[in-house]
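I opened a fresh page for this model and kept a list of what I looked up. The entries follow in the order I made them.

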Amino acid sequence: MAIVTRRDGDLVYLVDEDIPVPHMFTTRLGGVSSGVYASLNLGQNREDDAVAVAENYDRVTAVLGTSKERLVFSRQVHGDVIRTVGETDCLGDVFRPITHEADGLVTAEPDVTLAVFTADCIPILLWDAGTGAVGAVHAGWRSTVSDIAGKAVARLIALGADTADIRVAIGPGIGLCCFETGAEVPSAVRAVLGAGAEDCIRGTDNGKSMVDLKAVNRRLLIRAGVLPERISVAAACTMCEHETFWSHRVTGGVRGSQAAMIRM
């Protein structure tokens, strides 16, 4: 049970060794973008060169055994909406304007690749061994405390999954070491987790708090019925390791985006 780093030429990405379907958590390494977007930027609306972004997509989808035309993603709004998608939702063109708003996607249809985008928020990939259904979640702190992880599990169950068969990978995101917040975030974590929240929160000398969003999501997944031993958590902090991963906080928002992708 481990999330490991792999390479394909210059492309560097992470996978969960216990999820057998094609998937990856991308890094910022191995693309062709330049300047502030160097080198693997998958953000379509960040003023990067479209030709470079398209090539970046070609590189990552080739590793997944598909093409960028088979991708599905939505406008991420830091909410808790989960969309069930399929063949008709495949973009065809990654630069096509996106109208659907959602921070989570699930599918039970083959050759449909789900993608969510992060740059400090927590990416989560789910796979059900029984049905083959998959899910991808973008969990910023607002989505996290809205229990988007648990809602993704519920949506897989609606597709026929059994919680005993669900495998989850929590990918690289900002860690407890770097996610310093005011009172709003720990208060929301306590509201959703109750007494169990305290293990995910650390006080600081300046009166603020450090919050472990990966740990919060893990607890919510377990509460939703996922077995603890079927949840892998990447150790990498995007802010600490900003030369490898895109970090919104480090760059002040002048950045590219990485993606978590999974294909049924």
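**Entry 1: Phe117 and its partner**

I began with Phe117. Its relative accessible area is 11%, under the 20% cut-off, so I noted Phe117 as buried. I keep in mind that this is a predicted model.

Next I searched the whole structure for aromatic pairs and got 1. Phe117 pairs with Phe73, edge-to-face. I wrote down 5.0 Å centre to centre and 85 degrees between the planes. The pair links distant parts of the chain, 44 residues apart. Phe73 sits in the loop between β4 (71-72) and β5 (82-84), while Phe117 belongs to strand β7. I checked Phe73 for burial too: its relative accessibility is 4%, so Phe73 counts as buried.

**Entry 2: the largest pocket**

Phe117 came up again here. Which residues lie nearest the centre of the largest pocket? I found Gln76, His78, Phe117, His138 and Arg255, out of a lining of 31 residues. The volume of this pocket is about 790 Å³. I then asked which elements give two or more residues to the lining; they are β7 (113-118), α2 and α6 (248-251). By class I listed 13 nonpolar, 11 polar and 7 charged lining residues.

**Entry 3: backbone oddities**

His78, from the pocket list, made me look at phi. Most residues other than glycine have a negative phi, and most peptide bonds are trans. I searched for exceptions to both.

His78 has a positive phi, near 60 degrees. I place His78 in the loop between β4 and β5. Its relative accessible area of 36% makes His78 partly exposed.

Asp111 is not a glycine either, yet its phi is positive, about 60 degrees. I find Asp111 in the loop between β6 (104-107) and β7. Asp111 is partly exposed as well, with a relative accessible area of 29%.

For the peptide bonds, I noted that the one from Ala38 to Ser39 is cis, with omega near -5 degrees. Ser39 lies in the loop between β3 (23-26) and α1 (50-63).

**Entry 4: Tyr37**

I stayed in the loop between β3 and α1, where Tyr37 is also found. Buried or exposed, I asked of Tyr37? Tyr37 is buried, with a relative accessible area of 13%. Leaving aside neighbours within four places in sequence, I listed its contacts as Arg46, Glu47, Asp48, Trp246, Arg255 and Gly256. Arg255 I had already met near the pocket centre. I also took the C-alpha separation of Tyr37 and Gly256: 5.2 Å, with their positions 219 residues apart along the chain.

**Entry 5: Val60 and Met261**

Val60 is in helix α1. At 0% relative accessibility, Val60 counts as buried. Its contacts, leaving aside neighbours within four places, are Leu11, Met24, Thr26, Leu40, Leu42 and Met261. I compared Val60 with Ala38, 22 residues away along the chain, and got 15 Å between C-alpha atoms.

Met261 was on that list, so I followed it up. Met261 lies in strand β15 (residues 258-263). Its relative accessible area is 0%, and Met261 is buried. Not counting residues up to four places away in sequence, Met261 touches a set that includes Pro22, His23, Met24, Tyr57, Val60, Leu71, Thr113 and Leu125. Met24 appears among the contacts of Val60 and those of Met261. The C-alpha atoms of Met261 and Val72 are separated by 9.5 Å, and the two are 189 residues apart along the chain.

**Entry 6: helix α4**

Last, I went through α4 (residues 184-193). Which of its residues are buried? I found Val185, Pro186, Ala188, Val189, Val192 and Leu193. Down the axis of α4, these buried residues fall within an arc of 160 degrees, so they line one face of the helix. An α-helix has 3.6 residues a turn, so residues three or four places apart point the same way. On the other side of α4, Glu184 and Ala191 are exposed.

I then asked what the buried residues of α4 pack against. The partners are α2 (141-145), β11 (180-181), β12 (201-203), β13 (209-211) and α5 (213-223). After α4 comes Gly194, with a positive phi near 65 degrees.

Definitions and conventions
Residues numbered from 1 in each chain as written. Predicted model: local features only at pLDDT ≥ 70, side-chain atom pairs only at ≥ 80, totals over all residues. Heavy atoms only, no water. Buried < 20%, exposed > 50% of the residue type's maximum accessible area, 1.4 Å probe, protein only. Helix = DSSP H or I, 4+ residues; strand = E, 2+ residues; numbered from the N terminus. Arc of directions from axis to C-beta. Contact = heavy atoms within 4.5 Å. 1 Å grid on protein atoms, 1.4 Å probe; cavity = no way out; pocket = protein on both sides within 12 Å on 5 of 7 lines; lining within 4 Å. Points joined across faces, edges and corners; volume = space filled by probe spheres on them. Nonpolar A, V, L, I, M, F, W, Y, C, P; charged D, E, K, R; others polar. Phe/Tyr/Trp six-rings, centres within 6.5 Å; stacked < 30°, edge-to-face > 60°.
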